Amino acid sequence: MTIKMKKVLLILGIVSLFLIAGCSDTPTGKTETEEEKEPSKSSDIICSYNAYNCADFNTQIEAQTVMEYCGSGDIHYLDGDDDGIACESLP
């Protein structure tokens, strides 16, 4: 496993924890505006140039998370058939 892939997996793990925490039924006491102003903890994901391909991920959900985090445009070309699903061949 390459260092780059280890970094991606670490970042995806952190993103997953924040996504799970965001699904809690317990209110945080913050308004949506306050939550939007908080800096992202996933800032290590590269979205400024084509840095990843499907081989860099172990699962489809990892690739999907990166593609969605980087927003529209699919900078990494993870969605070959442009159907909104990244790296469909991955488990």
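1. Helices in this note are DSSP runs of H or I with at least four residues, and strands are runs of E with at least two, both numbered from the N terminus. On that basis Y77 is found in the segment after α3, a part of the chain to which several of the points below return. The model is a predicted one, and the remarks that follow should be read with that in mind.

2. The chain holds 3 helices and 0 strands, and its elements, read from the N terminus on, run α-α-α. Of the 91 residues in the chain, buried ones make up 29%, where buried means under 20% relative accessible area.

3. How many of the 11 residues of α3 are buried? The count is 8 of the 11, so α3 is largely enclosed by the rest of the structure. The buried residues of this helix are Q60, E62, A63, Q64, T65, V66, M67 and C70, a list that takes in polar and charged side chains such as E62 as well as nonpolar ones such as V66. As background for reading such a list, an α-helix has 3.6 residues a turn, so residues three or four places apart point the same way.

4. The largest nonpolar core has 15 residues, and the members that touch the most other members are I45, Y52, F57, A63, V66 and L78. Both α1 (3–22) and α3 supply at least two residues of this core, and the largest share, 4 residues, comes from α3. Two of the residues with the most contacts in the core, A63 and V66, also appear among the buried residues of α3.

5. Directly after the helix comes G71, whose phi is positive, near 80°. Further along, Y77 also has a positive phi, of about 55°, although it is not a glycine. Y77 counts as exposed because its relative accessibility is 62%, which lies over the 50% cut-off for that class.

6. D82 is the other non-glycine residue to note here, with a positive phi of about 55°. D82 lies in the segment after α3 and is exposed, with a relative accessible area of 68%. D82 also belongs to a negative surface patch, which it forms together with D81, D83 and E88.

7. Is E88, another member of that patch, exposed or partly exposed? At 43% relative accessibility it counts as partly exposed, because that class covers values between 20% and 50%. Like D82, E88 lies in the segment after α3.

8. Two pairs of residues that are separated in sequence deserve a look in the viewer. G84, found in the segment after α3, is 17 residues from M67 in sequence, with a C-alpha to C-alpha separation of 9.0 Å. G84 itself is partly exposed, with a relative accessible area of 37%, whereas M67 is one of the buried residues of α3.

9. The second pair joins C54 and S89, which are 35 residues apart in sequence and 8.6 Å apart in space, again from C-alpha to C-alpha. C54 has its place in the loop between α2 (32–37) and α3, and with a relative accessible area of 24% it is partly exposed, a value that is not under the 20% required for a residue to be called buried.

Conventions
Residues numbered from 1 in each chain as written. Predicted model: local features only at pLDDT ≥ 70, side-chain atom pairs only at ≥ 80, totals over all residues. Heavy atoms only, no water. Patch = residues over 30% accessible without salt bridge, like charges linked within 9 Å, V, L, I, M, F, W, Y side chains within 5 Å. Areas by Shrake-Rupley, 256 points an atom, 1.4 Å probe, with all protein chains shown as cover. Salt bridge = Lys/Arg side-chain N within 4 Å of Asp/Glu carboxyl O. Lys, Arg positive; Asp, Glu negative; His and termini not counted. Charge placed at Lys NZ, Arg CZ, Asp CG, Glu CD. Buried < 20%, exposed > 50% of the residue type's maximum accessible area, 1.4 Å probe, protein only. Core = buried A, V, L, I, M, F, W, Y, C linked by side-chain atoms within 4.5 Å.
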